[in-house]
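Hello,

Here is the structure I promised to pass on to you. Please have it open while you read, and my notes will follow below it.

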Amino acid sequence: MTHTKDTSTDTQTARVFGWKGYLGLGVIAALTFAGNLITSAPAGWVAQQTGLIEQLPPGVTVQGMNGSLFSGTAAVTVENHPAHLNWQAQWPTFGQITSGALPVNWQVETVESALSGDLTATLTGAVNANAKGTLHIPEFAHLIERHGGAMIEGDVRVTRAQLSWDGQRLTEARAMAYWPGGNVQYPAGNPTLTTELPPLELTAGPDGNALRLTITESGNTAPLAQADLAANGMAELQVYGRLLTLADQPGFEHQPSTPVMQVSHPLFTYAGGR
């Protein structure tokens with residue numbers, strides 16, 4: 001028996017799959033073109049169009065941006081301290097594409113300090129960032145002196161830092177840092193005193209509507225000092241008796257957990273704070 005093949009069905013199927021195939025290729029081509037267009041857009045132009053420069057935290061300014069949204073550099077000033085920023089965008093996931101988010105690897109360097117990490121930024125100005133690195137504290141002596149702080153020698157190693165910025169204000173901040181110990185200079189009236197402290201650890205995390213920074217002796221959870229930074233820029237500092245005992249100041253041996261010094265000091269003025 002001779003079988004005759006129905007070519008009309010094959011032709012119709014080919015037409016259907018051919019139409020869908022061309023449509024799929026067109027969508028892929030359009031998405032690829034749009035992705036290339038976005039990632040190759042000049043970084044300065046994107047920052048200007050999205051208002052990103054105007055949404056930076058207080059005390060942070062950008063003098064110039066080079067390169068594209070995908071890869072570039074910028075000259076940054078933080079509290080009048082110059083730094084160099086470079087970034088390299090990564091391919092986003094499907095979820096990040098649909099939400100308008102772009103993952104980026106970044107690095108900030110000054111003359112003697114460096115931080116690096118990754119972040120996810122959106123076109124609305126929201127940023128979620130992670131960081132680690134090393135801060136050479138004497139490099140920032142002018143900032144510490146301006147706010148009446150204590151000067152420590154050497155480097156602080158930032159082992160973990162997480163920040164979230166919603167485009168208007170800081171919404172989340174956590175950090176861990178380590179200092180190996182050494183000489184400390186601190187104001188005590190007119191003179192400046194010097195003492196030696198053991199290794200210290202700093203942790204930061206939310207506490208109500210404030211960001212709480214806690215300093216402890218390495219390996220000990222009892223606080224030596226705590227600072228609460230409110231969204232309006234006001235800092236509330238408490239120093240405990242055990243810190244003064246470590247600093248060889250007599251008379252505080254029997255009140256290690258008692259706040260012996262409390263200071264309120266504005267770190268910055270921020271109209272967006274609450």
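Which residue's side chain meets that of D207 in a salt bridge? The partner is R212, and the N to O distance between the two side chains is 3.6 Å. Before going further, please keep in mind that this is a predicted model.

**The salt bridges**

A search of the whole structure gives three salt bridges, and the pair above is one of them. R212 also meets the side chain of D228 in a salt bridge, with 2.7 Å from N to O. D228 belongs to strand 14 (residues 223–230) and R212 to strand 13 (residues 210–217), so this pair ties together parts that are 16 residues apart in sequence. Through shared partners, the salt bridges join D207, R212 and D228 into one network.

Are the members of this network buried or exposed? D207 is partly exposed, at 36% relative accessibility, and R212 is partly exposed as well, with a relative accessible area of 24%. D228 counts as buried because its relative accessibility is 19%, and the cut-off for buried is under 20%.

Another salt bridge is formed by the side chains of E172 and R174, at 2.9 Å from N to O. E172 is partly exposed at 30% relative accessibility, and R174 is partly exposed at 36%. As background, side chains of opposite charge can pair when their charged atoms come close.

**Around E236**

D228 comes up again when you look at E236, a residue of strand 15 (residues 234–240). Once neighbours within four places in sequence are set aside, E236 is in contact with Q226, A227, D228, V263 and S264. With S264 there is a polar contact between the two side chains, at 2.4 Å. E236 and H265 are 29 residues apart along the chain, while their C-alpha atoms are separated by 6.6 Å. E236 itself is partly exposed, with a relative accessible area of 39%.

Strand 15 also holds L237, which is partly exposed with a relative accessible area of 34%. Together with M261 and V263, L237 makes a nonpolar surface patch of about 220 Å². You will recognise V263 from the contacts of E236.

**Strands 3, 4 and 5**

How many bridges join strand 3 to strand 4? There are six, and the two strands, residues 81–89 and residues 101–109, run antiparallel. Within this pairing, A89 stands opposite V104 of strand 4.

Strand 4 is also joined to strand 5 (residues 114–122), by nine bridges, and these two strands run antiparallel too. Here E109 stands opposite A114 of strand 5. The connection from strand 4 to strand 5 is a hairpin through four residues.

T110 is worth a look, as it lies in the loop between strand 4 and strand 5. The side chain of T110 makes a polar contact with the side chain of E139, at 2.7 Å. Leaving out neighbours within four places in sequence, the residues in contact with T110 are H81, P82, A83 and E139.

**A sheet of three strands**

There is also an open sheet of three strands, in the order 7-10-11 and with antiparallel pairing. Strand 7 (151–152) and strand 11 (192–197) stand at the edges; each has a single partner strand, so one side of each is left without a neighbour in the sheet. Strand 10 (residues 182–187) and strand 11 are joined by six bridges and run antiparallel. In that pairing, T192 of strand 11 is the bridge partner of P187.

**Where to begin**

If you would like a starting point, try R212, where the salt bridges with D207 and D228 come together. From D228 you can move to E236, which is in contact with D228, and then along strand 15 to L237 and the nonpolar patch with M261 and V263. After that, the hairpin between strand 4 and strand 5 and the open sheet with the order 7-10-11 can each be viewed on their own.

Enjoy exploring it!

Best wishes

How values were computed. Residues numbered from 1 in each chain as written. Predicted model: local features only at pLDDT ≥ 70, side-chain atom pairs only at ≥ 80, totals over all residues. Heavy atoms only, no water. Pairing = 2+ DSSP bridges. Buried < 20%, exposed > 50% of the residue type's maximum accessible area, 1.4 Å probe, protein only. Contact = heavy atoms within 4.5 Å. Polar contact = N/O pair within 3.5 Å; in protein donor to acceptor, adjacent residues only side chain to side chain. Salt bridge = Lys/Arg side-chain N within 4 Å of Asp/Glu carboxyl O. Patch = residues over 30% accessible without salt bridge, like charges linked within 9 Å, V, L, I, M, F, W, Y side chains within 5 Å. Areas by Shrake-Rupley, 256 points an atom, 1.4 Å probe, with all protein chains shown as cover.
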